[in-house]
Amino acid sequence: MQQRRLGSQGLVVSALGLGCMGMSEFYAGRDDAESLATIDRALDLGITLLDTADAYGPHTNERLVGQAIKGRRDRVVLATKFGNVRGSDGSWAGINGRPEYVRAACDASLARLGVDRIDLYYQHRVDTTVPIEDTVGAMADLVRAGKVTYLGLSEAAPQTIRKAHATHPISALQTEYSLWTRDPEDEVLATCRELGIGFVAYSPLGRGFLSGRFRKPEDLAADDYRRNNPRFQGENFSRNLALADAVQAMAREKKCTASQLALAWVLAQGEDIVPIPGTKRRRYVQENARAAEIRLTPEDLRRIDRAIPRDSASGLRYPEAGMRRVNL
């Protein structure tokens, strides 16, 4: 597995990471034994960046990841997040970026993960009631205390990124980015590159839609949260099938899977970009890892742009409530 540098502070990770969220929640079905085997296989394939958050589960995903890396800590770049506050019953309690909460959340994550240091610690969502300088200042205290090595933000707007980076160097900005979500190309990517901040692309497969596995909304289990996503509903779903079909057609020409082509496209957007496709199955982590071997020519990239033009996805990427929490 190739390596890529995230930011200018020294953070180096595998070119592809592994998103662990779906192992514990949101995507229907849970099989901890298979999830543990998937993380194990990812590490064997040279994937070093594991991405979790205290909100996933809630809390159970960090425990799962902690269990998976026991005895293999030196092979892992461990990333987790704070800020989306949830009760033990799964209820949502808002966003919290207050310094005292940052410190408490970090200590709780360390305990659940069973480690004494988090490699990359993100603010999951921006708390608009707290100056970003105060939140990042508290995160910087964690670095000085040796509890955290590198800092990150998730779903932050350019002006927020600038203020945060001026308070303490930010190594990575994590935001949704894929063939059907190219919003970061407006300003966020340019801001990151200007400041020397790496970019971590979550949902690089469009929450699985671009893999071509879903042909109708009913293909999703009743408790799969994607049923509430506008892009997976009604006419939006039908229109977006054309995008998935276009990816599949080009993948056949390249003799790879649709998922591999979609990931290869993200990788081709810059050496400072690391996609973190999520999966809870060994066969998919193996498939995804091979995307790093696919080379897209300039003509390939032009053809993909013509087949899947920017802003061609139908529907918002989150329900309206979720959209109000991003790019702040």
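A residue counts as buried when its relative accessible area is under 20%, as exposed when that area is over 50%, and as partly exposed in between. The legends below use these words for a predicted model.

**Figure 1. The whole chain, with its helices and strands.** In this predicted model, the chain has 11 helices and 12 strands. The radius of gyration is 19 Å, close to the 20 Å that the globule rule gives for 328 residues, so the chain is as compact as a globular protein of that length. Along its principal axes the C-alpha trace spans about 50 × 40 × 35 Å, and 59% of the 328 residues count as buried. The accessible surface comes to about 13,200 Å², and 47% of that surface belongs to carbon and sulfur atoms. Among the contacts in the chain with a separation of 6 or more, 74% are made by residues that stand 24 or more positions apart.

**Figure 2. The open sheet and one pair of its strands.** The sheet is open and is formed by 8 strands, which follow one another in the order β3-β4-β5-β8-β9-β10-β11-β12, with parallel pairing. At its edges are β3 (18-19) and β12 (273-275), each of which pairs on one side only. Within the sheet, strand β8 (residues 118-123) and strand β9 (residues 148-154) run parallel and are joined by 5 bridges. A student who follows these two strands can find Tyr 121 standing opposite Leu 151 in β9.

**Figure 3. Ser 109 and the residues that touch it.** Ser 109 has its place in helix α3 (residues 99-113). Its relative accessible area is 0%, which is why Ser 109 is described as buried. When residues up to four places away in sequence are not counted, Ser 109 touches Asp 54, Glu 62, Thr 80, Ile 118 and Tyr 121. The last of these, Tyr 121, is the residue that stands opposite Leu 151 in the previous view.

**Figure 4. Ala 55 in its loop.** Ala 55 is found in the loop between β4 (49-51) and α2 (60-69), and with 2% relative accessibility Ala 55 counts as buried. Leaving aside residues up to four places away in sequence, Ala 55 touches Glu 25, Asn 84, Arg 86 and His 124. For a sense of distance, the C-alpha atoms of Ala 55 and Val 148 are separated by 18 Å, and these two residues are 93 residues apart along the chain.

**Figure 5. A salt bridge within one helix.** Side chains of opposite charge can pair when their charged atoms come close. The count in this model comes to 33 salt bridges, and one of them is formed by Arg 144 with Asp 141, whose closest N and O atoms are 2.6 Å apart. Both residues lie in helix α4 (residues 132-144), where they are 3 residues apart, about one turn of the helix. Arg 144 is exposed, with a relative accessible area of 62%, whereas Asp 141 is partly exposed, with a relative accessible area of 36%.

**Figure 6. Salt bridges between distant parts of the chain.** The side chains of Arg 182 and Asp 305 meet in a salt bridge, with 2.9 Å from N to O. This pair links distant parts of the chain, since Arg 182 is in the loop between β10 (172-176) and α6 (188-195) while Asp 305 is in helix α10 (residues 298-307), 123 residues apart. Arg 182 is buried at a relative accessible area of 9%, whereas Asp 305 counts as partly exposed at 34% relative accessibility. The side chains of Arg 193 and Asp 272 also meet in a salt bridge, here with 2.7 Å from N to O. Arg 193 lies in helix α6 and Asp 272 in the loop between α8 (258-267) and β12, so this pair ties together parts that are 79 residues apart in sequence. Arg 193 is partly exposed, with a relative accessible area of 39%, while Asp 272 has 19% relative accessibility and therefore counts as buried. Salt bridges that share partners also join Arg 182, Glu 185, Asp 186, Asp 305, Arg 310 and Asp 311 into one network.

**Figure 7. Two cysteines in a structure without disulfides.** The structure holds 0 disulfides. Cys 192 counts as buried at 1% relative accessibility, and Cys 256 counts as buried at 15% relative accessibility.

Note on methods
Residues are numbered from 1 along each chain as its sequence is written. This is a predicted model: local features need pLDDT of at least 70, side-chain atom pairs count only at pLDDT 80 or more; totals for chains, interfaces and linings use all residues. Side-chain values use heavy atoms; hydrogens and water are left out. Two strands pair if DSSP finds at least two bridges between them. Helices (H or I, at least four residues) and strands (E, at least two) are DSSP runs, numbered from the N terminus. A disulfide is a pair of cysteine sulfur atoms within 2.5 Å. Buried means under 20% relative accessible area, exposed over 50%, partly exposed in between (1.4 Å probe, protein chains only). A salt bridge is a side-chain nitrogen of Lys or Arg within 4 Å of a carboxyl oxygen of Asp or Glu. The radius of gyration is taken over C-alpha atoms; the globule rule is 2.2 Å times the number of residues to the power 0.38. Contact means heavy atoms within 4.5 Å. Accessible areas come from the Shrake-Rupley method with a 1.4 Å probe; for residues, only the protein chains shown count as cover.
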